[in-house]
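This briefing gathers what can be said about aromatic rings, a sulfur link and two glycines in one structure. Please read it with the sequence and the coordinates at hand.

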Amino acid sequence: QVQLVESGGGLVQAGGSLRLSCAASGGTFSRYAMGWFRQAPGKEREFVAGISGSGSTYYADSVKGRFTISRNNAKNTVYLQMDSLKPEDTSVYHCAARLGVVYTSTTYDYWGQGTQVTVSS
């Protein structure tokens, strides 16, 4: 059983930056592909970024060039650096873990509770 805890959300003005962290426990972290998803009220959960155990990265078109996903396997932590934030990035951000490859769908085995990101205009 893997537990995931996100942190780093908050309120930021448009154009600003935030760095989200997701700390994992209970498994061999390097074996897991990690993903960041977001869900706004009334909308479906959507893929934001993913990273394989070996460090290959994947991004949604809407965040490419603005967000950077990374991981530190020694610290069992995955990060999402968010720059040039826009009001439409406002959402609850969740991290997720699955054995194997990165999926852009929500077919992940473990999920965190989420952290709120609010971008004001």
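Which residue lies over the face of Trp111, and at what distance from the ring centre? In this predicted model, the residue over that face is Arg45, which is placed at 4.8 Å from the centre of the Trp111 ring. The points below treat the charges over rings together with the aromatic pairs, and then turn to the disulfide and the glycines.

**Charges over rings**

- Besides Arg45, which lies over the face of Trp111, there is Arg98, whose charged end sits over the ring of Tyr103 at 3.9 Å from the centre of that ring.

**Aromatic pairs**

- The count of aromatic pairs comes to five, and one of them is formed by Phe37 and Phe47, which meet edge-to-face with 5.6 Å from centre to centre and 75° between the planes.
- This pair links distant parts of the chain, since Phe37 belongs to strand S4 (residues 32–39) and Phe47 to strand S5 (residues 46–51), ten residues apart.
- Phe37 and Phe47 are both buried, and together with Tyr108 and Trp111 they form one aromatic cluster, so that Trp111, the ring with Arg45 over its face, is also a member of this cluster.

**The disulfide**

- The model has one disulfide, which joins Cys22 to Cys95 with an S to S distance of 1.9 Å, and the link is right-handed, with 50° about the S-S bond.
- Because Cys22 lies in strand S3 and Cys95 in strand S9 (residues 91–99), the pair ties together parts that are 73 residues apart in sequence.
- Cys22 is buried at a relative accessible area of 0%, and Cys95 is likewise buried, with a relative accessible area of 0%.

**Two glycines**

- Gly35, in strand S4, is buried because its relative accessible area is 0%, where buried means under 20%.
- Leaving aside residues up to four places away in sequence, Gly35 touches Ala49, Gly50, His94, Cys95, Ala96 and Tyr108, a list that includes one cysteine of the disulfide, Cys95, and one member of the aromatic cluster, Tyr108.
- The C-alpha atoms of Gly35 and Ala74 are separated by 18 Å, with their positions 39 residues apart along the chain.
- Gly27 lies in the loop between strand S3 (18–25) and S4, and it is partly exposed, with a relative accessible area of 35%.
- With residues up to four places away in sequence not counted, Gly27 touches Gln1 and Val2, while Gly27 and Ser54, 27 residues apart in sequence, are 16 Å apart from C-alpha to C-alpha.

Conventions: Residues are numbered from 1 along each chain as its sequence is written. This is a predicted model: local features need pLDDT of at least 70, side-chain atom pairs count only at pLDDT 80 or more; totals for chains, interfaces and linings use all residues. Side-chain values use heavy atoms; hydrogens and water are left out. Rings of Phe, Tyr and Trp (its six-membered ring) pair if their centres lie within 6.5 Å; planes under 30 degrees apart count as stacked, over 60 as edge-to-face and the rest as tilted. Helices (H or I, at least four residues) and strands (E, at least two) are DSSP runs, numbered from the N terminus. Buried means under 20% relative accessible area, exposed over 50%, partly exposed in between (1.4 Å probe, protein chains only). A charge sits over a ring if NZ of Lys or CZ of Arg is within 6 Å of the ring centre and within 35 degrees of the ring normal. Contact means heavy atoms within 4.5 Å. A disulfide is a pair of cysteine sulfur atoms within 2.5 Å.
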